[in-house]
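Here are my notes on this model, written as numbered points you can follow with the structure open beside you. Take them one at a time and find each residue as you go.

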Amino acid sequence: MTTQTGPASAGGSGQPRAGDAAGHAVRLSPPDLRPWLGGGLRGVVTRDSGLPGPHAALVALMHGNEIAGAVLLDSLLREGLSPARGRLSFVFANLDAFARFDAADPTASRFLEEDMNRLWAEEVLAGPPRSLELRRAQELLPFLRTVDLLLDLHSMLLQPVPILLAGRSEAALALAREVGVPSLVVADQGHPTGLRLLDHPHFARGPARALLLEAGLHWEPETVAVMREGTLRFLAAAGLLPPMPPPPVPARVARVTDTIVPASHRFAFVARFRGGEVIAEEGTLLATDGEREIRTPYPDCLLVMPALRPVRGHTAVRLARFA
Ligand SMILES: [Zn+2]
């Protein structure tokens, strides 16, 4: 591998490399993570300032196909990013799914056996290791309990508008406002199908705090750029890097009020929503679910991450109201 590759080349040439049948272009190349896989806990690299301070962690590849986070962490590691105070850990979560990443079928490697970001309830983690993903979550758990501040790096299939998710924690919400990039901050309750890492009690009940950055479309260099800015601001807010000037646009907070979960197999959106849309009119029809109509419950309703193909029992879209 090269040792002096800048983030632009690590982030791909900007030319479409490949795409899947649905036309999702892949403009990033999966990085070579072999330099970071040695040591104690596989896929975890920790840099210690030697000075007192918090332990912050940056997590990539919770979803194996979301390679933008891995591109960024690989770049930051190669650039020699180290904390000025405390400790900084770089975590590559679902390495097994990432190993199967194929630009010709880039959505297939989100996970191998089950979604790793739905496994973070204590009772699930304490249960038998029923999948590769759960075994990996159990392997990472003792380490994660040592983390004070965590940023989980994700990307999206449809929604081009980046958002910073704070979960249910008011302390995390305050941190997200301070990070401020992206400027759209969403307080949410997660999914009916299981807890995400930021919902784990260690973070959700504090004093540790976790944020989830949905930085943009999956395989775009622009997504890596948003992640980089958000990550450096997160580390400054965490006190690991020197303070940064405030972001150009003040943060705007929206709270999820409704998680729309199809009750039938006949759920359909009335338009091709991508997420990030703000629907001005209260009562606007968004979707039908058999006989049920789903309408905006208030004016200026924010649509958060609609599913491409809504499935009964799984989140189809979340609705959020600006604070
Ligand atoms: Zn994800």
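1. Let's start with a term. A polar contact is a pair of N or O atoms within 3.5 Å; within protein, one must be able to donate a hydrogen and the other to accept it, and residues adjacent in sequence count only if both atoms are side-chain atoms. The side chains of Thr-46 and Ser-89 make one of 2.6 Å.

2. Some housekeeping before we go on. This is a predicted model, so local features need pLDDT of at least 70 and side-chain atom pairs count only at pLDDT 80 or more, while totals for chains, interfaces and linings use all residues. Residues are numbered from 1 along each chain as its sequence is written, and side-chain values use heavy atoms, with hydrogens and water left out.

3. Stay with Thr-46 for a moment. Thr-46 sits in strand E3 (residues 44-48); helices (H or I, at least four residues) and strands (E, at least two) are DSSP runs, numbered from the N terminus. Leaving aside neighbours within four places in sequence, Thr-46 is in contact (heavy atoms within 4.5 Å) with Arg-87, Leu-88, Ser-89 and Phe-143. Leu-88 is 42 residues from Thr-46 along the chain, yet their C-alpha atoms are separated by 5.6 Å.

4. Is Thr-46 buried or exposed? Neither label fits: Thr-46 counts as partly exposed because its relative accessibility is 39%. The cut-offs are these: buried means under 20% relative accessible area, exposed over 50%, and partly exposed in between (1.4 Å probe, protein chains only).

5. Now have a look at Glu-66, in the loop between strand E4 (55-60) and helix H2 (67-78). With a relative accessible area of 2%, Glu-66 is buried. Apart from neighbours within four places in sequence, Glu-66 is in contact with Leu-61, Arg-110, His-154, Ser-155 and His-218. With His-154 there is a side-chain polar contact of 3.1 Å.

6. What do the side chains of Glu-66 and Arg-110 form? They meet in a salt bridge, at 3.3 Å from N to O. The rule asks for a side-chain nitrogen of Lys or Arg within 4 Å of a carboxyl oxygen of Asp or Glu. Side chains of opposite charge can pair when their charged atoms come close. Arg-110 lies in the loop between H3 and H4, 44 residues from Glu-66, and the pair links distant parts of the chain. Arg-110 counts as partly exposed, at 26% relative accessibility. The linking goes further, too: Glu-66, Arg-110, Asp-115 and Arg-118 are joined in a network of salt bridges.

7. Thr-107 is in the loop between helix H3 (95-98) and helix H4 (122-125). Its C-alpha is 6.2 Å from that of Asn-65, although the two are 42 residues apart in sequence. Thr-107 is partly exposed, with a relative accessible area of 31%.

8. How many salt bridges does the rule give? The count comes to 18. Among them is Glu-220 with Arg-27, where the closest N and O atoms are 2.6 Å apart. That pair links distant parts of the chain, 193 residues apart: Glu-220 is in the loop between E9 and helix H8 (221-237), and Arg-27 is in the loop between strand E2 (25-26) and E3.

9. For a local pair, try Arg-136 and Glu-139, whose side chains meet in a salt bridge of 2.6 Å, N to O. Both lie in helix H5 (residues 132-144), 3 residues apart, about one turn of the helix. Arg-136 is buried, at 5% relative accessible area, whereas Glu-139 is partly exposed, at 37%.

10. Zoom out to the domains. The assignment gives domain 1 (7-237) and domain 2 (255-322); such bounds come from an automatic or database domain assignment. Their centres, taken over C-alpha atoms, are 26 Å apart. Where they meet, 22 residues of domain 1 are in contact with 20 residues of domain 2.

11. Finally, what holds for that interface? The two domains bury about 1600 Å² between them, 59% of it on carbon and sulfur atoms; buried area is the accessible area (1.4 Å probe) that two parts lose on being put together, summed over both. The rule finds 2 salt bridges across the interface of domain 1 and domain 2. In the salt bridge of Arg-318 with Asp-188, the closest N and O atoms are 2.5 Å apart.
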